[in-house]
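Biologist: I should like a close look at one part of this model, namely the sheets together with the helices and side chains that pack around them. Please set it out as one connected account.

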Amino acid sequence: MIHPNYRLLVISTSTIYGNGYLEYIREEILDFLQTDELLFVPFARPSGISYDEYTNNVVTALQPFGIKVTGLHTYENPKEAICNAKAIFVGGGNTFLLLKTLYELGLIEAIRNTISEGVPYMGSSAGSNLTGLTIGTTNDMPIVYPPSFDALQFLPFNINPHYLDPDLNSTHKGETRETRINEFHKFNRQTVIGLREGSWLRVENGTIELKGDLTARIFKPNQSAIEVKSGILEESIYL
């Protein structure tokens with residue numbers, strides 16, 4: 001089910017408590033990318049910051065380790081930049097805005113084609129949402145309306161980044177993340193993988209490996225959710 005050429009790093013979050021931007025996962029990133037150039041896609045724009053500001057965050061985090069980072073927004077021909085990229089990093093923020101912008105620029109197929117040739121794809125949060133079938137399990141508000149919820153579809157399931165367990169000591173009576181995903185499954189059939197902060201998926205050679213110290217939560221329609229430990233995910237887990 002997984003294209004053998006896909007090389008994906010699907011990260012729940014770019015930052016965990018007590019660490020700087022990408023700091024906790026830096027060694028994994030350096031091992032995964034195996035290149036000195038990275039094309040950054042800043043279109044999700046967390047908190048509304050500018051493309052330049054967002055790109056500079058990545059430059060600050062990775063340039064000291066010999067990786068030249070450039071923002072996709074700086075190219076006159078973004079499609080050509082995608083096709084020539086050595087590696088692509090799609091940052092987090094608002095998933096609806098990110099997907100809408102990629103559709104408007106005609107970049108969805110360009111990214112799919114480039115990654116199918118073995119170019120590494122790294123996504124964080126919203127960028128990780130895009131690796132699944134749809135963005136229907138994002139946590140973001142629909143501040144804009146993309147022409148489709150269909151994502152890049154590298155993976156045969158959906159991602160829910162920043163997955164949160166219910167706080168048993170909280171008096172909050174709103175829906176839990178699990179409740180929201182169960183609502184999703186009233187109308188959709190694909191598996192959803194809840195990635196807790198500090199966890200990520202590494203996809204290479206047609207296999208998916210859950211990495212990090214935490215378990216992930218697996219949701220399927222009409223079934224009780226299960227927990228899976230770090231390690232290779234068998235197809236039966238996500239199909």
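Modeller: I begin with helix α2, residues 51–62, which has 12 residues and reaches 17 Å from its first C-alpha to its last, close to the 16 Å expected at 1.5 Å a residue. The expected span is 1.5 Å times one less than the number of residues. Helices (H or I, at least four residues) and strands (E, at least two) are DSSP runs, numbered from the N terminus. The model is a predicted one, in which local features need pLDDT of at least 70 and side-chain atom pairs count only at pLDDT 80 or more, while totals for chains, interfaces and linings use all residues. Residues are numbered from 1 along each chain as its sequence is written, and side-chain values use heavy atoms, with hydrogens and water left out.

Within α2, the residues Y54, T55, V58, V59, A61 and L62 are buried. Here buried means under 20% relative accessible area, exposed over 50%, and partly exposed in between (1.4 Å probe, protein chains only). The cover over these buried residues includes α1 (26–33), β2 (37–41), β3 (68–71) and β4 (88–90), where contact means heavy atoms within 4.5 Å.

Three of those elements belong to a sheet. This open sheet has eight strands in the order β3-β2-β4-β5-β1-β8-β9-β12, with mixed pairing; two strands pair if DSSP finds at least two bridges between them. Its edge strands are β3 and β12 (231–232), each of which pairs on one side only. Helix α2 packs on the sheet by touching β2, β3 and β4, and its direction makes about 175 degrees with that of β3. Such axes are lines fitted to C-alpha atoms, for helices over the stretch in contact, and the angles run from 0 to 180 degrees between N-to-C directions.

Strand β5 (residues 121–124) has β4 and β1 as its partners in that strand order. Three bridges join β4 to β5 in the parallel sense, and F89 has M122 as its bridge partner in β5. Four bridges join β1 (residues 8–11) to β5, also running parallel, with I11 partnered by S124. In a regular strand the side chains alternate between the two faces of the sheet. In β5, Y121 and G123 point one way and M122 and S124 the other, and all are buried. Towards the β12 edge, two bridges join β9 (residues 207–211) to β12, which run antiparallel; E209 has I232 as its bridge partner.

Y121 also leads to the loop between α6 (126–129) and β6 (158–160), where T131 is found. T131 counts as buried because its relative accessibility is 0%. Apart from neighbours within four places in sequence, T131 is in contact with V10, Y121, Q153, F154, L155 and I159. Ring pairs link Y6, Y121 and F154 into a cluster. Rings of Phe, Tyr and Trp (its six-membered ring) pair if their centres lie within 6.5 Å; planes under 30 degrees apart count as stacked, over 60 as edge-to-face and the rest as tilted.

By this rule there are 10 aromatic pairs. The pair of F96 and F149 is edge-to-face because the ring centres are 5.8 Å apart and the planes stand at 70 degrees. It links distant parts of the chain, F96 being in helix α4 (residues 95–104) and F149 in the loop between α6 and β6, 53 residues apart. F96 is buried at 7% relative accessible area, whereas F149, at 37%, counts as partly exposed. A tilted pair is formed by Y163 and F219, with 5.7 Å centre to centre and 55 degrees between the planes. Y163 lies in the loop between β6 and α7 and F219 in strand β10, so this pair ties together parts that are 56 residues apart in sequence. Both Y163 and F219 are buried.

F219 and its strand bring us to another sheet. Four strands form this open sheet in the order β6-β7-β10-β11, with mixed pairing. The edge strands are β6 and β11 (226–228), each pairing on one side only, and neighbouring strands are turned by 30 degrees against each other on average, direction ignored. Three bridges pair β6 with β7 (residues 192–194) in the parallel sense, with N160 standing opposite G194 in β7. Helix α7 (residues 177–184) lies across β6, β7 and β10 (216–219), running at about 30 degrees to β10.
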